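Hi,

Here is the structure I promised to pass on. Have a look at it first, and my notes come straight after.

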Amino acid sequence: MTAVARLFGEGFRVFFLAAGLYAVFALIVWEGWIGIHAAGGMVTGLPFAPAPHLWHAHEMIFGFGLAAVGGFLLTAVPNWTGAAPARHGFVTLAAGLWLLGRVAMWYSAHLPPALVAVADLAFLPALAARVLGQLGLRPKPQNLMFPGLLALIWAGNLMTHLEWSGLAGDTLWAGLRLGLLGLCAMIAILGGRVTPAFTRNAMTRAGHTGRLPVSRPPLDVAGIASAIALPLAYLLALPDPATGGLAVLAGLAALARLSGWRGGRTLGQPILWSLHLGYLVLGFGYLALGLAQFGIGSEVAAIHLLGIGAAGGMSLAVMSRASLGHTGRALVAPGPVAAAYALVPLAAVVRAAGSVWPDLYYPAVLGAGALWIFAFTLYLATLWPVFWGRGVGQAAARTSA
C-alpha cells in the first residue's frame, strides 16, 4: 500500500493531518494581517469576503475544529459499535468535502455567497450520516447525542452563512458561538469519558493500589446537561443571565468532575496530563464566559480560553494519542509533542490577557498566535511519519487510544 493510500485509508490519518496543517496555515494568515496592522499598514484585496477577524473565527471553529472532530468520530465510533471502519472511498469523499469548504471560504470574495454556503455546509451532513448509521448498529443514549451536537454545530455554521448571504440580519455572532460551544460540549462529554478512564487504566497498569479516578453520576449529569444546554441558549437567544448561569454551572461541574480524576498522578505522563489540562481550561473558560454575561470580565477572553485552550488543547491531546495508539505505537508522547501540550494552554492565557488589558492587545495576539503555530508545527513535524507510515505493533493497541 502506498503512503497516499494509507493516508486516506483511516479517518484519523488524513483528518488529524489536515487539522494540524490548517491550524498552522490559518494562524499564519491571521498573524500576517494582525502584524501588518500593528505596524500601521493596511491590507487590501483579500481573497475572502468576510472581515479578517470573522474569517479567522469561522475557520478555527468550522475548519480546524471540524477536521479534528471528523478524524475522531470516524475512528472512535467503529470501536464503540463494532461497525466496519470507513473505507478509502468515504474517507476520501469526506476529506474532499472538508477541503472544498476551506477553498470556498478562502475564495469567497470571488464566488456567489450561496455557492460558498453550499460548499462549506456539505461536510458535516455527510459525516453525521455516516456516524448515525454506525451508531444505529448498537444504539446507546450516551453516544446518540453526538449526531445532535453535530446538528447544532452545523446550524451555527448555517447562521453565519445566512447573514453573509444577506438572508438574515443578526445571526453571525450567535452562529459562531453556537459552533464553538457545540465543540466544547463534545469535549465536556468525551473528555469526561476518556480522561478518567485513561488515567485509571494507566494507574492500574502501574500497580497503583491507592485511590483511583472516580466519576460521580450527579456531577456527570450536571456537567453534560449544562454543556449541551449552553449552545442551545445561544440558539434560542435566551437572556444574558440565563446564559451566564448555564455557563457558570458548566464550569463548576467541569472543575468538580476533574477534581476526582487524580490528575496529580499524571504529572510524569504528558499523554495523560494534557487531557487533564485541557479539561481544566474548559472549566475555567466556562466560568469566565458565565461571569462575562453578568458584566464581570471579558467575553472575548473567555471565548479564547475555550477556543484555544479547551478546543485546541484537547484536540491536540486526543489527536496525538489516537494517532500513536491506532498505529500500534507506544502511548508515550514524544518530547516535542509534550512541549506542544503546554504551549497551547499558554497561548490561551496570553490571548485572553490581550482582551482583559487592551494595551497588550497586539503583543498578546501576536504572541499567542506564535505559540499556537509553534505548537502545531511540533505536532506535525513529530507525527508526520505516523500519518503516512505503516502501523507497528499489535492491532490490539488500537483499542486503547
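Below is what I found, helix by helix and then for two single residues.

A bit of housekeeping: this is a predicted model, so local features need pLDDT of at least 70 and side-chain atom pairs count only at pLDDT 80 or more, while totals for chains, interfaces and linings use all residues. Residues are numbered from 1 along each chain as its sequence is written, and side-chain values use heavy atoms, with hydrogens and water left out.

Let's start with α4, residues 88–106. (Helices are DSSP runs of H or I with at least four residues, numbered from the N terminus.) Its 19 residues should span 27 Å at 1.5 Å a residue, and the end C-alpha atoms are indeed 27 Å apart; the expected span is 1.5 Å times one less than the number of residues. Buried residues here (under 20% relative accessible area, 1.4 Å probe, protein chains only) include Phe90, Val91, Leu97, Trp98, Arg102 and Met105. The buried residues of α4 pack against α2 (11–38), α3 (52–81), α5 (113–121), α6 (123–135) and α7 (141–164), where contact means heavy atoms within 4.5 Å.

Helix α10 (residues 240–258) also agrees with its expected span, 27 Å for 19 residues. Among its buried residues are Thr243, Gly244, Ala247, Arg257 and Leu258, and their cover includes α8 (172–205), α9 and α11 (270–293).

Now for a helix pair. α7 and α9 (residues 217–235) pack at about 25 degrees with their axes 11 Å apart; axes are lines fitted to C-alpha atoms over the stretch in contact, and angles run from 0 to 180 degrees between N-to-C directions. That makes α7 roughly parallel to α9 (angles under 35 degrees count as such). On the α7 side the contact is made by Met145, Leu149, Leu152 and Met159, and on the α9 side by Ile224, Ile228, Pro231, Leu232 and Leu235. By class, that contact has nine nonpolar residues, no polar and no charged ones; nonpolar covers Ala, Val, Leu, Ile, Met, Phe, Trp, Tyr, Cys and Pro, charged covers Asp, Glu, Lys and Arg, and the others, Gly among them, are polar.

Finally, the two residues. Ser315 sits in helix α12 (residues 299–325) and is buried, at 14% relative accessible area. Not counting residues up to four places away in sequence, Ser315 touches Phe64, Ala68 and Ala310. His56 lies in α3 and counts as buried at 13% relative accessibility. Leaving aside neighbours within four places in sequence, His56 is in contact with Leu27 and Trp30.

Cheers

Methods:
Helix = DSSP H or I, 4+ residues; strand = E, 2+ residues; numbered from the N terminus. Buried < 20%, exposed > 50% of the residue type's maximum accessible area, 1.4 Å probe, protein only. Parallel < 35°, antiparallel > 145°, perpendicular 65-115°, else oblique.
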